[in-house]
Amino acid sequence: MIKNIIKYVEQKFLSKKDIPLFNSGDTITVYFEIKEGDKKRIQSFKGIVIKKQGKGLTKTFTIRKISMGVSVERIFLINQPNIKKIKINKNGKVRRSKIYYIRFLKGKKARIKN
């Protein structure tokens with residue numbers, strides 16, 4: 001009984017409905033809000049989804065990009081309130097759910113097939 005109530009509350013009030021379905025290997029852009037003092041601005045982070053894990057409110061995903069020759073990975077919570085929009089740029093075809101091997105590849109080898 002209590003589990004049903006918790007699931008109902010999570011579905012109705014705490015989860016975002018406008019999040020698209022994406023998997024590891026997809027290239028996505030996450031738009032999130034940053035507060036600097038009393039100012040707010042929207043920043044984007046575009047990269048390849050390395051992994052998705054968890055379920056419910058604790059679901060997270062990791063995105064990896066290369067910026068000026070330095071690789072950057074960032075972990076986002078799906079239900080994070082400062083995430084404004086998630087846009088899928090390209091669907092990738094991979095055979096694993098967690099593609100950590102891409103960390104060690106460079107150049108053309110680091111590309112993912114469509």
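How much surface does the protein expose, and what share of it do carbon and sulfur atoms supply? The exposed area is about 8800 Å², and carbon and sulfur atoms supply 54% of it. Please keep in mind, as you look through the views below, that this is a predicted model.

**View 1. The whole chain: one helix and five strands.** Let us start with the overall layout. Following the sequence, you meet the elements in the pattern α-β-β-β-β-β. Taken along the principal axes, the box filled by the C-alpha atoms is roughly 50 × 40 × 20 Å. Of the 114 residues in the protein, 25% are buried. Take the contacts between residues at least 6 apart in sequence: 50% of them join residues at least 24 apart.

**View 2. Charged side chains: 31 positive and 7 negative.** Here the view turns to charge. The centre of the positive set and the centre of the negative set lie 11 Å apart. Four salt bridges are counted in the model, and the next views introduce some of them.

**View 3. The hairpin of strands S3 and S4, with two residues between the strands.** Strand S3 covers residues 60–67 and strand S4 covers residues 70–77. The two strands run antiparallel and are paired over eight bridges. To find your place along the pair, look for Lys65, whose bridge partner in S4 is Val72. At Met68 in this hairpin, phi is positive, near 55 degrees.

**View 4. A salt bridge between Glu36 and Arg41.** The closest N and O atoms of this pair are 3.1 Å apart. Glu36 is partly exposed, having a relative accessible area of 44%. Arg41 is partly exposed too, at 37% relative accessibility.

**View 5. Arg64, Glu73 and Arg103, joined into one network by salt bridges that share partners.** Begin with Glu73 and Arg64, which form a salt bridge with their closest N and O atoms 3.0 Å apart. Arg64 counts as buried, because its relative accessibility is 13% and buried means under 20%. Glu73, in contrast, is partly exposed, with a relative accessible area of 33%.

Now follow Glu73 to its other partner in this network, Arg103: the two side chains meet in a salt bridge at 2.8 Å, N to O. Glu73 belongs to strand S4, whereas Arg103 sits in the segment after strand S5 (83–90), so this pair ties together parts that are 30 residues apart in sequence. Arg103 is partly exposed, with a relative accessible area of 35%.

How values were computed: Residues numbered from 1 in each chain as written. Predicted model: local features only at pLDDT ≥ 70, side-chain atom pairs only at ≥ 80, totals over all residues. Heavy atoms only, no water. Helix = DSSP H or I, 4+ residues; strand = E, 2+ residues; numbered from the N terminus. Buried < 20%, exposed > 50% of the residue type's maximum accessible area, 1.4 Å probe, protein only. Contact = heavy atoms within 4.5 Å. Areas by Shrake-Rupley, 256 points an atom, 1.4 Å probe, with all protein chains shown as cover. Lys, Arg positive; Asp, Glu negative; His and termini not counted. Charge placed at Lys NZ, Arg CZ, Asp CG, Glu CD. Pairing = 2+ DSSP bridges.
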